[in-house]
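Visitor: Could you walk me through this one and show what stands behind each label?

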Amino acid sequence: MSLRIDFTDRHESHPSSVKEYAIEKVGRLERYFNGVQHIEIILDQEHGQHSAEVLVSAPQNQHFVGHCSDDSVMVAVDRVVEKLEKQVKRYKERLKDHRKGDPGNNGP
C-alpha cells in the first residue's frame, strides 16, 4: 500500500514551495515506521502565528498527532515533524518491548 499525503491550507494561501517543503518533511516519517498509510498536513495562520498540525494513520487503528505554532511556517513544520518522529520511535520501542525473551526458552 502506498503512502497518501493530504495537504490543507487554512485562512491563507501559502506558496507552493511551503507545500512541497511540508510534504517532503513528513514523508521522512515513513523512514521510521514503514507502516504509515496516511498523513494529513494542516497549515493555518492566526494573529501572526503560523500553526502546523500533522495527523498520521498507521495499521491497527494507530494514530499520531502533532501540533506546533511559530512565527515562521517552516519552523512550525520542522518542530511538528520532530514531535511526530519521537512519537513514532516511542511506539516502535513499545512494540519491541512486548517481544522480550527467547521463545525457545520456556523453562523446565
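Guide: Sure, here are the labels, each set against its definition.

Guide: This is a predicted model, where local features need pLDDT of at least 70 and side-chain atom pairs count only at pLDDT 80 or more, while totals for chains, interfaces and linings use all residues. Residues are numbered from 1 along each chain as its sequence is written, and side-chain values use heavy atoms, with hydrogens and water left out.

Visitor: What makes up the protein chain in terms of helices and strands?

Guide: There are three helices and four strands, in the order β-α-α-β-β-β-α from the N terminus. Helices (H or I, at least four residues) and strands (E, at least two) are DSSP runs, numbered from the N terminus.

Visitor: How do you know that strand 3 and strand 4 pair, and in which sense?

Guide: Pairing calls for at least two bridges found by DSSP between two strands. Strand 3 (residues 49-58) and strand 4 (residues 62-70) have nine, in the antiparallel sense. One of the partnerships joins Ser57 to His63 in strand 4. The two strands form a hairpin with three residues between them, and Gln60 in the turn has a positive phi of about 60 degrees.

Visitor: Why is the contact between Glu85 and Arg28 called a salt bridge?

Guide: The term asks for a side-chain nitrogen of Lys or Arg within 4 Å of a carboxyl oxygen of Asp or Glu. For Glu85 and Arg28 the closest N and O atoms are 2.9 Å apart, so the pair qualifies. The count by this rule is four salt bridges.

Visitor: What makes Lys25 and Asp78 a salt bridge, and which parts are tied together?

Guide: Their closest N and O atoms are 3.5 Å apart, set against that same cut-off. Lys25 lies in helix 1 (residues 16-27) and Asp78 in helix 3, so the pair ties together parts that are 53 residues apart in sequence.

Visitor: Why does Lys25 count as buried or exposed?

Guide: Buried means under 20% relative accessible area, exposed over 50%, and partly exposed in between (1.4 Å probe, protein chains only). Lys25 has 17% relative accessibility, so Lys25 counts as buried. Asp78 has 23%, so the label there is partly exposed. Glu85, at 10%, counts as buried, and Arg28, at 27%, as partly exposed. Of the 108 residues of the protein chain, 32% count as buried.

Visitor: And what makes Lys83 partly exposed?

Guide: Lys83 sits in helix 3 (residues 73-97) and has 39% relative accessibility, so Lys83 gets that label.
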